Amino acid sequence: MTDDRRVVRELVRAHGRTFAEEAGIPLKDTPQPLYRLLVLAHLLSARIRGSVAIATARALYEAGLRDPRRMADADWQERVDALGRGGYRRYDERTATQLGDAAELLTDRWGGDLRRLRKEADGDVDELRRLLQEFPGMGPGGADIFLREAQRVWPEVAPRLDDKALSGAQRLGLPKDPDRLTDLAGDTEPAVLAAALVRASLDKEVAEDSLRRAS
């Protein structure tokens, strides 16, 4: 039988990169990186390949749409074009509208700063998750993606291993208990563990590769 701790170690070693890191977002508890993470979570929550969502997040940044004010002020066609350059064509028109509306909401209600949304939640992670879903296009899945990554800079969220991460644990034959998984991961950051488990959930080859390395 393969040792669970070794499986986790090999999974993290080979696939322990957060989605924010892959998208080139140097995550900090400051307005612009948090906003870029919000956009990334929105894009990743659609039924589209993760690689396309990540490329599209980069394309939006390169187009200058890197904060809520610029996103809201951009022409709808500018947003559509940037989404298209990232390969996000199936949902580009609807998503362009949602991104504009979400940027306006963030600006009007929280001054363009997601830290104010966090403050409104006052340490209640369920309330934080609910508030995130007020943004157009951000359903439960998008909110979960944001929180999985944001736990790196918002300590009250950690450790957070949601259903998608736990489905990765199941695919690997690991326990589905978050506390047990955190223990198996040792000093690994919960955000890194969560991202690695999600990758195993999304890609059977990631799980098979980790099990092979651990055997």
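**Helix α3, the cavities and the core**

Helix α3 gives the most to the lining of the second largest cavity, contributing four residues. The model is predicted, and the volumes below are computed from it. This second cavity has a volume of about 50 Å³. Its lining consists of Y35, L38, V39, H42, L99, A102, F135, P136 and M138. Besides α3, helix α7 (92–110) also supplies at least two residues of that lining. By class, eight of the lining residues are nonpolar, one is polar and none is charged. The polar one is H42, because histidine falls outside both the nonpolar and the charged classes.

The structure holds two cavities of 30 Å³ or more. The largest has a volume of about 70 Å³, and A23, I25, R36, V39, L40, A57, L60, Y61 and L65 line it. Helices α3 and α4 (50–62) each supply at least two residues of this lining. Here the classes are eight nonpolar, no polar and one charged; the charged residue is R36, since arginine counts as charged. V39 appears in the lining of the largest cavity and in that of the second largest.

F135, which lines the second largest cavity, also belongs to the largest nonpolar core. That core has 76 residues, and F135, F146 and L197 touch the most other members. Its largest share, nine residues, comes from helix α3 (residues 31–44). Setting aside neighbours within four places in sequence, F135 is in contact with L38, A102, L105, L106, W110, L114 and L117. Among these contacts of F135 are L38 and A102, both of which also line the second largest cavity.

Notes
Residues are numbered from 1 along each chain as its sequence is written. This is a predicted model: local features need pLDDT of at least 70, side-chain atom pairs count only at pLDDT 80 or more; totals for chains, interfaces and linings use all residues. Side-chain values use heavy atoms; hydrogens and water are left out. A nonpolar core is a set of buried Ala, Val, Leu, Ile, Met, Phe, Trp, Tyr and Cys residues joined through side-chain atoms within 4.5 Å. Buried means under 20% relative accessible area, exposed over 50%, partly exposed in between (1.4 Å probe, protein chains only). Contact means heavy atoms within 4.5 Å. On a 1 Å grid over the protein atoms alone, a cavity is a set of points where a 1.4 Å probe fits but cannot get out, and a pocket is an open set with protein on both sides within 12 Å along at least five of seven lines; lining residues have an atom within 4 Å of a point. Grid points are joined across faces, edges and corners, and a volume is the space filled by probe spheres set on the points.
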